[in-house]
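I am opening a notebook on a structure that is new to me, and I want to write down what I looked up, topic by topic.

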Amino acid sequence: MRRAPAAMAAMSALTLGAVMAVGGPASAHGSATASSHPGFTERVLTTGLGDPYEILWGPDNHIWATEKSGLKVTRIDPKTGARTTALDLAGKAFHTTGGQDGVLGLAFQPSGHRHNGVQYVYLSYTYRTKTPAAVTGETRRLKIVRYTLDDRTHTLRSPKDVLTGLPSGTDHQSARLRFGPDGKLYYTIGDQGANQLEHFCNPNWAQRLPTKSEVKAKDWSSYQGKILRLDLDGSIPSDNPVLNGVRSHVITYGHRNSQGVDFAPSGVLYQAEQGPKTDDEINIVRKGANYGWPHVAGWRDDKAYTYNNWSAAAPTPCKKLTYDDITAPPSVPKQKETDWHGTFVPPIDTLGTTVGNDHDFADPKCAAGGLYYICYPTIAPSSLSYYPDRHGGIRGWGNSLVVTTLKDGSVYRLKLTSDGRHIARTEKLWTSQNRYRDTAFSPDGTSVFVATDSAGLVRDPNGAPTSTLENPGSILVFRAQR
């Protein structure tokens, strides 16, 4: 039962299909207010969380949240907002101020898979090592750990490492952890922000596949920009795809920042991908497939995107250059999407973020401080949750994807076609001056719990960058009225 660093927006609600708009600031902790969004009430369940990243409905009928910067797992009463700490990882997990590292993905083993009455919980978090990565010098790594859920104390105990030494850093962690209907664990790893901003001289390895010698040595450095599938003990499933002659944990590659994945009851795995300056993506995950990044963003249409490979700059090397996301210097190789002839899976939708070559990315509203990326047409999808057909749920919501976004501060509902292969229509649900990070649904399907970031840049009502958030570090509840 499922449910977003980039920036989120505070814009007036615009009609995309049927529109519902949230009004002003939410009420005080735990109290309900009438929402200006027709058919829903809104309340603030709890505040003061340290960047809640993953939230889900637990088997004890409470909300469980990882706190990325708070370095803990927190259990929250969905009625009162009262909180207890299920796991404190201070001193073990590591978070960089303003970074995307920390305590991240969380997944409960389905109750039907309990072992001798024991339920396991899986968690991912960043830690520090003394061994720098060969190319980047990065000392952060990420691990996936199994814990035992103590039903009496509602805490996590008896940690057991499942997979260690995974790539980590300050940017593009992705870090969504899911149980599949096949009993396997699925985990997303971003491209670590390679080829942009502070990491612009790092080569982007989203297309690089692991070698046999790397797998044998448990060197997972090439897992950047991938989706992984693993056995519950961390081993490589025997039916994972063989890619370039090697079977590893990797089932798909060519990803930028997969901050949203979720399974439909049919077993179809949907994925939300953050685009660069254009082309956020909604994808259907196909085992063994290439999703094109960094050669392609969205569709292979040569619209407003070229792969500017800073790490390969010559004759002036990258380390002597100053990064510019809008105009690359002559020494940086530039490749059109159609110059790359590889096979890849195109998205089923780009959330209206595909623009033409005439688009001006240097919006003066974002010129101060060079924060042009806040004004880019991307909305930065930060999570994705499948909402099934269900009796007594929210009317008309069945067979939909609910997607949170960072840059435009909105939650969207994407109605799927009956076959689940396309987006039939897009509805903007709630918009406020927040960075929405993740969602969880109540068991009856009538309440949507939404987590917000504690800090970061958003668009204000005029579309300019602001760091003022309406509900920082909070869980909001939107409940459908009957």
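**Entry 1: the disulfides**

I began with the bond between cysteine 366 and cysteine 375, where the torsion about the S-S bond is about 75 degrees, so the disulfide is right-handed. I note at once that this is a predicted model, and that every value in these entries is computed from it. The sulfur atoms of cysteine 366 and cysteine 375 are 2.0 Å apart, and I found both of these cysteines to be buried.

How many disulfides does the count come to? I arrived at two, and the other one joins cysteine 201 to cysteine 318, with an S to S distance of 2.1 Å. Here the torsion about the S-S bond is about -95 degrees, so this disulfide is left-handed. I then looked up where its two ends sit, and the pair turned out to link distant parts of the chain, 117 residues apart: cysteine 201 is in the loop between β13 and α1, while cysteine 318 is in the loop between β21 and β22.

Are the ends of this bond buried or exposed? Cysteine 318 counts as buried because its relative accessibility is 5%, under the 20% cut-off, whereas cysteine 201, with a relative accessible area of 23%, is partly exposed. Counting the bonded cysteines along the chain, I wrote the pattern down as 1-2, 3-4.

**Entry 2: asparagine 204 and its surroundings**

I stayed in the loop between β13 (185-189) and α1 (212-216), which is also the place of asparagine 204. With a relative accessibility of 10%, asparagine 204 counts as buried, and I wanted to know what its side chain meets there. Its side chain makes a polar contact of 3.0 Å with the side chain of aspartate 191, and a polar atom of the asparagine 204 side chain also lies 3.0 Å from the backbone nitrogen of alanine 206. Setting aside residues up to four places away in sequence, I listed Asp191, Ala194, Asn195, Trp293, Pro294 and Tyr307 as the residues that asparagine 204 touches.

**Entry 3: unusual backbone geometry**

Two of the residues touched by asparagine 204, Trp293 and Pro294, led me to a cis peptide bond, since tryptophan 293 and proline 294 are joined by one with omega about 5 degrees. Proline 294 lies in the loop between β20 (281-284) and β21 (306-308). I noted a cis bond from alanine 314 to proline 315 as well, again with omega near 5 degrees, and placed proline 315 in the loop between β21 and β22 (334-336). I recorded these because most peptide bonds are trans, and because most residues other than glycine have a negative phi.

Which residues did I note for a positive phi? One is asparagine 195, with phi near 75 degrees; this residue is in the loop between β13 and α1 and, at 12% relative accessibility, counts as buried. Another is alanine 304, where phi is about 60 degrees. Alanine 304 belongs to the loop between β20 and β21, and its relative accessible area of 12% makes it buried too.

**Entry 4: the nonpolar cores**

I turned next to the largest nonpolar core, which has 24 residues, and I wrote down those with the most contacts inside it: Tyr122, Ile144, Leu166, Leu177, Tyr187, Tyr223 and Leu228. Several strands give two or more residues to this core, among them β9 (120-128), β10 (140-150), β11 (155-167) and β14 (226-230). I followed leucine 228 further and, leaving aside its neighbours within four places in sequence, found contacts that include Leu166, Tyr187, Tyr223, Val250 and Ile251. A second core, separate from this one, has 19 residues, including Val73, Ala86, Leu123 and Leu156.

**Entry 5: a sheet of three strands**

My last look was at an open sheet, in which three strands follow the order β18-β19-β20 with antiparallel pairing. Because β18 (260-263) and β20 each have a single partner strand, they stand at the edges, and one side of each is left without a neighbour in the sheet. From one strand to the next I noted an average twist of 15 degrees. Between β18 and β19 (residues 269-273), which run antiparallel, I recorded four bridges, and I found aspartate 262 standing opposite tyrosine 270 in β19.

How values were computed
Residues are numbered from 1 along each chain as its sequence is written. This is a predicted model: local features need pLDDT of at least 70, side-chain atom pairs count only at pLDDT 80 or more; totals for chains, interfaces and linings use all residues. Side-chain values use heavy atoms; hydrogens and water are left out. Buried means under 20% relative accessible area, exposed over 50%, partly exposed in between (1.4 Å probe, protein chains only). A polar contact is a pair of N or O atoms within 3.5 Å; within protein, one must be able to donate a hydrogen and the other to accept it, and residues adjacent in sequence count only if both atoms are side-chain atoms. Contact means heavy atoms within 4.5 Å. A nonpolar core is a set of buried Ala, Val, Leu, Ile, Met, Phe, Trp, Tyr and Cys residues joined through side-chain atoms within 4.5 Å. A disulfide is a pair of cysteine sulfur atoms within 2.5 Å. Two strands pair if DSSP finds at least two bridges between them. Axes are lines fitted to C-alpha atoms, for helices over the stretch in contact, and angles run from 0 to 180 degrees between N-to-C directions.
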